Amino acid sequence: MADLKLNTTNGSVTLKPEDGSGNVDVTIPRAGIGVGKVLQVQHVQCSPVRYTISVNALTPIPDLLISFTPKSSTSKILLQSNIYSTETHVTTFGFLENINGSDTIVSNVSNGNTAGSISTTYRGNNITTNIYANPIAYMVDSNGTSTRTFKVGATSSWANVLYTLYINDRSSNDMRSVSSFTITEIEQ
């Protein structure tokens, strides 16, 4: 049986042949080995209430907000949410950050319908009888250690026509679910 030693500092592996004739060094890429230490995690979930959104822009979902203070000025912040909702006509989900009292779109994504979308779906015309799980994720820089307030937003519209989007349930109010929002700070 060969001896095996792993150097966790540089990711190299040293093999010693059974006959003891010398070492063979093998370097393994560091991807996935000790990268991205989690510094903190914060999580919130909606009250078990059905919310409606009928606005032609990314609009905060009540209860899905976190005031977050990064521990490191150079870390990454992973925003993740799972929203249970109808998907009325064209439905869009994304993240907002409250900056100086105004909700500002976190992502630069624009699909031609709603700025800041992380996920946009179309399941048919004004159908509110189905409920879907909508997972979204986006990573931002910490940009210092000041407290930042992030929110999950949603809208349902097309060509400036509004549709009612139901969050945590469907229109018949009989499939209650709980949407959630998690922020993970990752050291770089």
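In the predicted model, strand β15, which spans residues 180–186, is mostly covered, with seven of its seven residues buried. The side chains of this strand fall into two sets: Ser-180, Thr-182, Thr-184 and Ile-186 point one way from β15, whereas Phe-181, Ile-183 and Glu-185 point the other way. In a regular strand, side chains alternate between the two faces of the sheet. Both sets in β15 are buried; each of these residues therefore has under 20% relative accessible area.

Strand β15 is paired with two other strands. Strand β4, formed by residues 38–45, is joined to β15 by seven bridges, and the two run antiparallel. Within this pairing, Gln-45 has Ser-180 of β15 as its bridge partner. Strand β7, formed by residues 76–85, is likewise connected to β15 through seven bridges in an antiparallel arrangement. Here, Leu-79 stands opposite Ile-183 of β15. Ser-180 and Ile-183, the β15 residues named in these pairings, belong to the sets that point opposite ways from the strand.

At the level of the whole protein, the secondary structure consists of 15 strands and zero helices. Of the 188 residues, 40% count as buried. Among contacts between residues at least 6 apart in sequence, 74% join residues at least 24 apart. The protein exposes about 10,000 Å², and carbon and sulfur atoms supply 50% of this area.

How values were computed. Residues numbered from 1 in each chain as written. Predicted model: local features only at pLDDT ≥ 70, side-chain atom pairs only at ≥ 80, totals over all residues. Heavy atoms only, no water. Buried < 20%, exposed > 50% of the residue type's maximum accessible area, 1.4 Å probe, protein only. Helix = DSSP H or I, 4+ residues; strand = E, 2+ residues; numbered from the N terminus. Pairing = 2+ DSSP bridges. Contact = heavy atoms within 4.5 Å. Areas by Shrake-Rupley, 256 points an atom, 1.4 Å probe, with all protein chains shown as cover.
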